[in-house]
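Hi,

Here is the structure I promised to pass on. Have a look first, and then read on for what I found in it.

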Amino acid sequence: MTLAPWIFLSRQSSPKKLLHLATVSGAQDFVYYHELGHLLMGHLAIGQSQRVEFEADQFARLVVGNTHTDNEGAYGWRVVGAAIPLVLLAVLAAKAGNSSGSPTHPASRERVLAFARSFKEPNASLILAYARGIAAACNPALERWWNCRVTL
Ligand SMILES: [Zn+2]
C-alpha cells in the first residue's frame, strides 16, 4: 500500500479534523508503543542502550504501521504522525547542541531515518520528506533564539 496522506474522503469528519486526529493519534501511539515495547521486550532487565532504543522504535513502528483504518488517508497521516516524536527529539537535540546521541540513545536523526526506511518505497521517501519538512519548519525559531538548526 502506498501512503496517500493528502487524500481525505470522509462523510463523518472534516478533512482538517481528520488530519489532526490521525496525526496526533499516530504521534501518541508511537510514544506509547515505544515505551510498551521496552516493557514487553524485557529492556528494563538489560538496561539502556542504543540497540534497545532502536528495538522499541521498531516495535512502535510495527504497531502503528500495521494498524489500519478504513480511511487510507487517515492511515497515511497516522504514520507521518508517528515520526513526529522522533523529529521533535532531533529538534531538542539540536537546541541542546548534541545531535550525535549518547551511549544510551541513538542520534535522533538516525532514529528518524531508521523509522522512515523501515517502510517500503515510495512510502519511506514520503515519510522522510514530511519529517524533513517538520524539522525545517522549526529552523527559523531555532536559528533566531538558539543559533542552531536541525537537519534530517
Ligand atoms: Zn526508549
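The chain has six helices and zero strands, so its elements read α-α-α-α-α-α from the N terminus on. Please keep in mind that this is a predicted model. Average pLDDT for the chain is 88, and 90% of the residues score at least 70. The stretch to treat with care is residues 5–10, where pLDDT stays under 50; the model has 13 contacts for it beyond four places in sequence.

On overall shape, the C-alpha trace spans about 50 × 40 × 25 Å along its principal axes. The radius of gyration is 16 Å, which agrees with the value near 15 Å that a compact globule of 152 residues would have. Of the 152 residues, 36% count as buried. Contacts reach across the sequence: taking those between residues at least 6 apart, 66% join residues at least 24 apart.

Helix 4 is where I spent my time. This helix covers residues 72–96, 25 residues in total, and reaches 37 Å from its first C-alpha to its last, close to the 36 Å expected. There is a kink of about 30 degrees in helix 4, and Pro 85 sits at its centre. Most of the helix is covered, with 19 of its 25 residues buried. Just after helix 4 comes Gly 97, with a positive phi of about 75 degrees.

Now to the inside. The largest nonpolar core has 33 residues, and those with the most contacts within it are Ala 83, Val 87, Ala 90, Val 112, Ile 127, Ala 131 and Ala 135. Helix 1 (15–40), helix 3 (50–65), helix 4, helix 5 (108–117) and helix 6 each supply at least two residues of this core. Which helix gives the most to it? That is helix 4, with 14 residues. For a closer view, try Ala 90: leaving aside residues up to four places away in sequence, Ala 90 touches Ser 108, Arg 109, Val 112, Ala 135, Val 150 and Leu 152.

One last residue to look at is Ser 125, in helix 6 (residues 123–146). Is Ser 125 buried, exposed or partly exposed? Ser 125 has 13 other C-beta atoms within 10 Å, so it is partly exposed, since buried needs 20 or more and exposed means 12 or fewer. Ser 125 and Phe 54 are 71 residues apart in sequence, and their C-alpha atoms are 20 Å apart in space.

Happy browsing, and best wishes!

Terms used: Residues numbered from 1 in each chain as written. Predicted model: local features only at pLDDT ≥ 70, side-chain atom pairs only at ≥ 80, totals over all residues. Helix = DSSP H or I, 4+ residues; strand = E, 2+ residues; numbered from the N terminus. Expected span 1.5 Å × (residues − 1). Bend = angle between axes of the 7 residues up to and from the residue. Rg over C-alpha atoms; globule rule 2.2 N^0.38 Å. Contact = placed C-beta atoms within 7 Å. pLDDT = per-residue confidence, 0-100. Core = buried A, V, L, I, M, F, W, Y, C linked by C-beta atoms within 7 Å.
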